[in-house]
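The report below takes up helix packing, the nonpolar core and a handful of individual residues. Please keep the sequence and the structure in view while reading.

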Amino acid sequence: DTRISGYMLEAALEAGFAAAGIDVLLSGPLPTPGVAYLTRALRLSAGVVISASHNPYDDNGIKFFSADGNKLPDAMEERIEEALEQPMGCVRSDHLGKARRIEDAAGRYIEFCKSTVPAALDLRGLHIVIDCANGATYHTAPNVFSEIGARVTVLAASPDGLNINHECGSTRPAALQKAVLEAGADLGIAFDGDGDRVIMVDRHGAVVDGDELLYIIACDRQRMHGLRNDAVVGTQMSNLGLELGLRELGIALYRSRVGDRFVMELLSEHGLCVGGESSGHIICLDRTTTGDGIVSALQVLAAMTATGRDLRELLAG
């Protein structure tokens, strides 16, 4: 993502992989789900994300994706941790890996996001305020929504390495609420630092959290007869109102432990396609392989345009 420590850690990882004889493709700042997508699209062995998600700039972390764009299972992570205890070596000079930049990484991901909604989707007439958290979505999210026709006002899209998630983004929606009301916009969308979470704000300035977004997407999937097994996955923290509202529609709610990997486990176990957390980490397995803030927001906008109802009306249940 856009943290000041990102390029330092990127250089270290690049050197380590090259020393092991592995070729590396570098994307620069890109949302976490964008790396998962490119890993699949380019037929790579793995994807690596340098990000501490919604945390402040002085934290950082590393996430791994398998070749199919999924986060690594616990057993694989444990094997990697065990390998860290072993001596490190380097391949012969003629076997060193090479590195190059993917010049069109952002463009490829933007086109992928747009492909997750019907080609006929037209957002003309909608005014959307987008809060990019000064994070990895700063150069992708505004383009996705404007290219589908929306009038876009952008907040927190000037990262300087230190301002990621600072008083902005999905964990600090006050600025977005204020901007939506002042602009008379139809809605607002806020992402976290690495773009895998999203929360929204309706035209009245009210926050629409992950539980409510999950409800909207589940209802729309059911309307289109695309909700597998008439069930979705939430967590132990999911609002009881979500469970009762879904039950009224004949949709079951399975509850996992808190954490997107546990949501994913239950989705796989029960053969389901939609799940999420109150924090805004929504997973639509019929569209992509991991939580994706931009893709999730697009599913909500598709529901709005298909039904002619705004966010508040979609939450009537």
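## Helix packing, core and selected residues

Helices H7 and H8 run roughly parallel to each other, in what is a predicted model throughout. The axes of H7, which covers residues 210-223, and of H8, which covers residues 240-248, come within 10 Å and cross at roughly 10 degrees; because angles under 35 degrees count as roughly parallel, the pair is described in that way. On the H7 side the residues that meet the partner helix are Asp211, Leu214, Tyr215 and Ala218, and on the H8 side they are Leu242, Gly245 and Leu246. Sorted by class, this contact of H7 with H8 consists of five nonpolar residues, one polar residue and one charged residue.

A second helix pair has another geometry. Helix H2 (residues 32-41) packs against H4 at an angle of about 95 degrees, and the two axes are 10 Å apart. H2 is therefore roughly perpendicular to H4, since the range from 65 to 115 degrees is assigned to that category. The residues of H2 that take part are Pro33, Gly34, Tyr37, Leu38 and Arg40, which meet Ala105, Arg108, Tyr109 and Phe112 of H4. By class, the contact of H2 with H4 comprises six nonpolar, one polar and two charged residues.

Which residues touch the most other members of the largest nonpolar core? They are Phe145, Ile189, Met200, Ile294 and Leu301, in a core of 58 residues. Helix H10 (residues 293-307) supplies the largest share of this core, namely nine residues. In soluble globular proteins, nonpolar side chains tend to be buried together. Around Ile189, when residues up to four places away in sequence are not counted, the contacts are with Ile128, Val129, Ile130, Asp131, Phe145, Leu176, Val198, Ile199, Met200, Ala297 and Leu301. That list includes Phe145, Met200 and Leu301, which are also among the residues that touch the most other core members.

Individual residues outside this description can be set side by side by location and relative accessible area.

| Residue | Location | Relative accessible area |
|---|---|---|
| Thr235 | strand E10 (residues 231-235) | 1%, buried |
| Asn165 | loop between E6 (151-155) and H6 (174-183) | 9%, buried |
| Ser53 | loop between E2 (46-50) and E3 (62-66) | 8%, buried |
| Gly291 | loop between E13 (282-284) and H10 | 1%, buried |
| Asn229 | loop between H7 and E10 | 56%, exposed |
| Pro118 | loop between H4 (105-115) and E5 (127-131) | 53%, exposed |

Two of the residues in the table have side chains that reach backbone atoms. The side chain of Thr235 reaches the backbone nitrogen of Met237 at 3.0 Å, and, with neighbours within four places in sequence left aside, Thr235 is in contact with Arg255, Ser256, Arg257, Val258, Val263, Gly276 and Glu277. For Asn165, the side chain reaches the backbone oxygen of His54 at 3.3 Å. Not counting residues up to four places away in sequence, Asn165 touches Arg3, Ser53, His54, Asn55, Ala133, Arg172, Asp192 and Gly193.

Ser53, one of the residues touched by Asn165, has a positive phi of about 55 degrees although it is not a glycine. Asn229 is another non-glycine residue with a positive phi, near 60 degrees. Are these two residues buried or exposed? Ser53, at 8% relative accessibility, counts as buried, whereas Asn229 is exposed, with a relative accessible area of 56%.

Gly291 and Gly195 are 96 residues apart in sequence, while their C-alpha atoms are 8.7 Å apart in space. Apart from neighbours within four places in sequence, Gly291 is in contact with Pro33, Asp196, His281, Ile282 and Ile283; of these, Pro33 is also one of the H2 residues that meet H4. Pro118, in the loop that follows H4 and leads to E5, is separated from Phe65 by 27 Å between C-alpha atoms, the two residues being 53 residues apart along the chain.

Note on methods. Residues are numbered from 1 along each chain as its sequence is written. This is a predicted model: local features need pLDDT of at least 70, side-chain atom pairs count only at pLDDT 80 or more; totals for chains, interfaces and linings use all residues. Side-chain values use heavy atoms; hydrogens and water are left out. Axes are lines fitted to C-alpha atoms, for helices over the stretch in contact, and angles run from 0 to 180 degrees between N-to-C directions. Helices (H or I, at least four residues) and strands (E, at least two) are DSSP runs, numbered from the N terminus. Angles under 35 degrees count as roughly parallel, over 145 as roughly antiparallel, 65 to 115 as roughly perpendicular and the rest as oblique. Contact means heavy atoms within 4.5 Å. Ala, Val, Leu, Ile, Met, Phe, Trp, Tyr, Cys and Pro count as nonpolar, Asp, Glu, Lys and Arg as charged, and the others, Gly among them, as polar. A nonpolar core is a set of buried Ala, Val, Leu, Ile, Met, Phe, Trp, Tyr and Cys residues joined through side-chain atoms within 4.5 Å. Buried means under 20% relative accessible area, exposed over 50%, partly exposed in between (1.4 Å probe, protein chains only). A polar contact is a pair of N or O atoms within 3.5 Å; within protein, one must be able to donate a hydrogen and the other to accept it, and residues adjacent in sequence count only if both atoms are side-chain atoms.
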